[in-house]
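Trainee: I'd like to learn how to read a model like this one, feature by feature. Can we go through it together?

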Amino acid sequence: MHRLLTLIALLFVTSVHAQAPSLANEILGSLAKHPQVRAEFSQSRENPALAEPQVSKGDLLFVIGHGMVWHTRDPFEDTLVLTSGDTRRLDAQGKLERVRDGNRGVSQVSGMLQSLLAGKSEEAARQFTITADGSIDRWTLTFVPRQARVARVLAGITLKGDAFLESIEVNLASGERTLITFTNTRDADSLTPVEAKVLGVP
Amino acid sequence: MRPSPTTLRAGLFTLVALGICLFCAWLLFGRGTSPLQTDIMTILPATERHPLAEDAVERLARASGDRMILLVSNDDDDAAKTAARELGEALGKDPVFASVIAELPPFDLDQLVTPFLPFRFHLLTPEDRAALTSPGFDAVAALRRRLNEPFGANVGAKLTDDPFGWMQHWLDRQPWNRSTLVPEDDMLTAHQGDTTYVLVIATLKGSSYDDVVQRKALATLATAESAMLAKHPGTTLQRTGAIFYAAAARAGAERDTHVVGIASSVGIAVLLLLVFRSLRPLLIAFLSTALGVVGAIVATVLVFGQLHLLTLVFGAALLGEAVDYSIQYLCARANTGAAWNAERGVRQVRPALLLALATSLLGYALLGIVPFPALQQMAVFAMAGMAVACASVFWLLPALAQKPARAPLSPALVRLALGWQRAASGRRALVVLAVLAVAAIPGWLRLGHDDDIHLLISPPKTLEAQTASIRDVAGFGGGTQFWLVEGASAEEVLQREEALTDRLRTWIADGKLTGFTGITAMLPSAKRQAENIAALAPLFTPADRMNAWLAAAGFRPQGMASFVTAYPGRAFTLDDWLAMPAYTPFRYLWLSGSHGTGSIVVPQGQDDVMLLRQASEGLPGVSLVDKPASISALFGRYRGYADVWLGGALALVGLAFLWRYGPRAVGRVLLPPLAGIVFSVAALGYLGQPLTLFHIMALMLVLGVGANYAVFLREGEPHAAHIPGAAYAGVLLSAVTALLSFGLLALSTMPALQHFGLTLLLGIGFTALIAPVSVPAPKKSSA
């Protein structure tokens with residue numbers, strides 16, 4: 001862990017706002033203290049083409065190093081299992097089916113989030129300039145694409161939180177904005193057998 | 001004073017020879033391009049029944065073509081990128097490179113989206129098509145689901161252009177979205193563990209096989225590499241590309257030519273000096289051989305339009321056989337002493353030389369029958385070389401060797417020869433041979449087979465390792481196994497390929513394959529595009545219903561009008577595919593030309609030929625092509641035939657001997673080469689060498705050369721009766737020169753030539769030692 005932190009610190013010297021390396025470190029370190037997290041989520045997607053924001057609600061389970069179970073309850077019932085680079089759908093019978101035409105963006109963002117929380121921020125740091133603001137109890141992490149051609153499409157990603165992650169905001173250059181807020185976030189003490197199976201937790 | 005006919009003939013011969021030499025010089029150096037060929041592909045046998053398949057093999061082998069693919073890696077991310085950037089700049093300064101890509105040219109991601117808009121309704125992934133045609137498809141539910149995907153935002157097609165995500169799904173399947181390389185800091189990078197890999201591609205201005213281009217490019221790379229390594233310690237550079245393979249092959253062949261050529265020339269020179277104890281015979285022998293080589297080069301270039309380096313290596317070894325003719329003539333001169341008459345000398349050796357030439361030509365002609373360009377070139381080279389060297393003995397040498405020899409043959413050699421000849425002839429020798437033949441049986445029984453392609457192509461292991469590593473990191477793989485799809489028209493080819501790829505998709509699902517690259521993943525057949533439209537048609541008719549669905553899902557009606565009116569767009573055609581710059585790197589997948597129309601599908605993550613062949617079983621127009629396996633099979637088949645040829649050649653030589661020596665003596669004359677072959681094969685068995693096509697080819701030469709020795713001895717004996725052992729001394733001299741040249745091939749870096757050399761070493765050695773049995777034992781009294 002020490003070696004990892006040193007590595008992150010080293011990387012942050014070049015890529016993170018000069019005064020903030022310790023804060024970003026602290027934030028990521030404190031998030032990593034909760035390896036299994038449950039939360040209620042509410043996702044709101046705004047797009048100029050949409051008459052009003054699309055809102056979906058549900059609950060999620062996040063297990064560092066394994067992935068997450070994204071259970072949408074409203075406006076439809078759907079359970080997705082997001083693991084590194086793979087999206088699978090869990091049906092009512094508890095059977096998993098690979099979503100071949102899953103959104104690449106979905107698995108990429110969730111993958112980045114997972115590695116970030118697992119203490120592996122190098123990947124994110126290579127693609128984004130990361131800025132940390134606030135204090136360890138009330139913080140904001142901002143990710144701005146380093147690639148000009150990506151920046152032309154993706155304006156930025158903002159994470160906010162305290163001891164847990166509170167919200168994720170994804171802004172596209174086209175004016176599309178997706179805001180995910182998490183409530184009732186808590187450590188998941190135990191997993192159901194199905195959850196453990198689909199995430200491959202022993 | 002009128003010139004003698006000998007001088008006249010020699011003068012004429014010299015004139016012609018000079019002309020041929022000049023012509024040869026012009027062929028080699030006088031034209032813009034060197035006829036020296038280093039590309040191994042050009043001399044591999046055509047193995048495929050269809051020329052289109054051969055085209056495909058060629059295409060695939062050249063897919064990486066005239067490019068250097070370089071991968072710079074370092075555990076430090078910044079160092080890797082800086083090093084790669086500097087390497088790219090250093091290479092870019094040299095005009096030998098047409099272009100160097102380290103930093104990506106600025107381009108808009110839109111360029112990978114917008115050009116597809118007109119075709120979007122015709123291009124659907126199989127999964128979307130299946131979902132659309134399934135009975136329970138609910139458009140509003142599908143839209144809702146897409147709009148509420150976790151983390152929402154998608155980069156690519158705009159929501160208004162692609163509300164259902166069909167186009168985005170299609171684009172995600174396109175090759176540039178499947179690469180493990182991602183753009184970072186304007187460079188194509190990959191990460192594995194702690195290591196950052198950066199791709200640099202340098203395109204050559206010219207061919208990878210062009211000598212000048214090769215040298216310049218490699219020198220520039222070497223300089224740039226050492227500068228990079230010095231400045232960024234810990235950096236490694238891995239490389240692949242045809243140019244590196246060509247350079248390695250060239251270096252190996254050049255080394256071989258030098259080793260074999262120089263060592264055998266020096267060895268033969270020393271030997272001749274020791275035996276003839278005079279400089280003149282040495283010069284005469286070398287002149288005759290040199291003329292033979294020049295004639296061989298001219299003939300080969302005229303017949304094939306090129307001279308492969310491999311042929312030249314073989315040619316270097318040929319020196320040892322071509323020198324035999326002049327040796328026989330010079331031996332006759334040395335043995336005759338003061339009574340020497342140059343013309344009479346020619347008449348004396350002519351029957352032996354002609355018979356020897358005939359058997360050699362026979363041996364090489366059989367080699368040339370094999371439909372294998374490499375062997376054909378060697379055969380033509382050898383036949384021309386032998387014939388010219390022999391002709392020079394008849395027409396040129398008499399003029400140069402008018403005066404009698406200053407010294408007889410080295411008495412030491414003659415004594416040695418006589419000693420062995422006494423020991424190795426007569427009844428006792430036959431008994432020993434019989435015993436040896438019995439001893440050879442276990443050796444024969446131990447023989448195995450090897451028909452691997454690596455006999456011919458053995459690139460350095462480090463280069464192979466780098467290529468494999470680059471394939472792992474970057475996902476580039478030339479590959480030599482692929483499916484060839486043929487059809488009468490482009491449409492038929494595409495439909496047939498889809499029949500294959502539909503099956504491959506189920507294989508991927510079963511884990512039998514990780515993926516494949518084929519054109520239909522980019523360009524579906526017109527039939528499949530029509531099916532796509534058929535799947536969409538119910539949704540868009542009437543258009544108002546689609547508008548209602550979009551509104552129900554939450555879209556603003558005015559924003560979506562263009563999406564509905566854009567339907568159905570137009571079909572994506574072959575011309576569209578060819579015109580799209582993003583697809584340029586994949587043009588090699590499409591074959592079109594005089595040999596017909598076809599496509600290539602390259603498998604990934606599976607190299608079991610049986611399994612791959614199964615995948616295309618029963619599909620019309622689809623066949624698996626596996627060039628290495630085909631060549632190995634061909635080697636094996638020829639190896640099988642070669643036994644028959646060897647038997648046939650033996651019979652032909654036997655007939656020639658029967659005509660010349662009569663039924664009583666034919667057995668004796670044939671015994672040395674026959675026993676030589678039997679014993680060398682047994683020796684190979686004892687050495688644990690599996691028998692390859694090249695061993696058997698060499699045995700044919702053993703037969704040709706071995707027969708010569710029997711002939712030389714048999715024909716020479718009567719003329720050298722006054723010096724017992726002299727005739728055999730001449731044979732031994734021939735054998736040692738042959739061993740010095742062919743035998744040195746055993747040092748070659750190429751397994752095929754190595755096997756060739758080793759077999760000849762054994763075969764010629766045995767034959768020369770057994771040769772005395774072909775004549776009656778020399779009488780004690782005449783000593």
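**Helices, strands and odd bonds**

Mentor: Sure. Let's start with a helix pair: α10 (residues 279–304) of chain B packs against α13 (residues 373–395) of chain B at an angle of about 140 degrees, with their axes 7 Å apart. Keep in mind that this is a predicted model.

Trainee: What should I call the arrangement of α10(B) and α13(B)?

Mentor: Go by the angle. Over 145 degrees would count as roughly antiparallel; α10(B) and α13(B) are therefore oblique to each other. As for the hand, α10(B) passes α13(B) in a right-handed crossing.

Trainee: Which residues in α10(B) and α13(B) meet?

Mentor: On the α10(B) side, look for S288(B), T289(B), L291(B), G292(B), V293(B), G295(B), A296(B), A299(B), T300(B), V303(B) and F304(B). Across from them in α13(B), you'll find residues including Q377(B), V380(B), F381(B), A384(B), G385(B) and M386(B). Sorted by class, this contact of α10(B) with α13(B) has 13 nonpolar, eight polar and no charged residues.

Trainee: Let me try another pair. How do α24 and α27 of chain B cross?

Mentor: The axes of α24 (residues 627–687) of chain B and α27 (residues 751–770) of chain B come within 8 Å and cross at roughly 140 degrees. That makes α24(B) oblique to α27(B), and their crossing is right-handed. From α24(B), the contact draws on residues including L671(B), P672(B), P673(B), F679(B) and L684(B), while α27(B) brings T759(B), L762(B), G763(B), F766(B), T767(B) and I770(B). By class, the contact of α24(B) with α27(B) counts 11 nonpolar, five polar and no charged residues.

Trainee: And how do I read a sheet?

Mentor: Get the strand order, then look for the edges. In chain A there is an open sheet of 11 strands, ordered β6-β5-β4-β3-β2-β1-β11-β10-β9-β8-β7, with antiparallel pairing. Its edge strands are β6 (96–98) and β7 (128–135) of chain A, each of which pairs on one side only. Neighbouring strands of this sheet are turned by 20 degrees against each other on average, direction ignored.

Trainee: Where do the side chains point in a strand?

Mentor: In a regular strand, they alternate between the two faces of the sheet.

Trainee: How many bridges join β4 to β5 in chain A?

Mentor: Four: they link β4 (residues 78–83) of chain A to β5 (residues 86–90) of chain A, and the two strands run antiparallel. To follow the register, take the bridge partners: V81(A) goes with R88(A) in β5(A), and L80(A) goes with R89(A) in β5(A). Next along, β5(A) is joined to β6(A) by three bridges, again running antiparallel. There, R88(A) has R98(A) of β6(A) as its bridge partner, so you can trace R88(A) from V81(A) in one direction to R98(A) in the other.

Trainee: What should I look for in a hairpin?

Mentor: Check the number of residues between the strands and the backbone angles. The hairpin of β5(A) and β6(A) has five residues between the strands, and G94(A) takes a positive phi near 80 degrees. In chain B, β4 (residues 182–184) and β5 (residues 187–192) pair in the antiparallel sense over three bridges, with E184(B) partnered by M187(B) in β5(B). Their hairpin has two residues between the strands, and D185(B) takes a positive phi near 50 degrees.

Trainee: What happens after β5(B)?

Mentor: Four bridges join β5(B) to β6 (residues 195–204) of chain B, running antiparallel. H191(B) stands opposite T196(B) in β6(B). This hairpin, too, has two residues between the strands, with G193(B) at a positive phi near 60 degrees.

Trainee: Which residue other than glycine has a positive phi in chain A?

Mentor: One of interest is N184(A), with phi near 50 degrees; N184(A) sits in strand β11 (residues 177–187) of chain A.

Trainee: Where are the cis peptide bonds?

Mentor: Look before prolines. One joins T541(B) and P542(B), with omega about -5 degrees, and P542(B) is in the loop between α19 (526–540) and α20 (543–553) of chain B. Another runs from Y567(B) to P568(B), with omega near 0 degrees; P568(B) lies in the loop between α21 (557–566) and α22 (574–579) of chain B.

Trainee: Last one: how far apart are domain 1 and domain 3 of chain B?

Mentor: Their C-alpha centres lie 60 Å apart. Chain B is divided into domain 1 (5–21 + 246–455 + 629–782), domain 2 (66–104 + 186–240) and domain 3 (112–138 + 464–625).

Conventions. Residues numbered from 1 in each chain as written. Chains lettered and ligands numbered in written order. Predicted model: local features only at pLDDT ≥ 70, side-chain atom pairs only at ≥ 80, totals over all residues. Domains from an automatic or database assignment. Axes fitted to C-alpha atoms, helices over the stretch in contact; angles between N-to-C directions. Parallel < 35°, antiparallel > 145°, perpendicular 65-115°, else oblique. Left-handed = near helix turned anticlockwise from the far one by under 90°. Contact = placed C-beta atoms within 7 Å. Nonpolar A, V, L, I, M, F, W, Y, C, P; charged D, E, K, R; others polar. Pairing = 2+ DSSP bridges.
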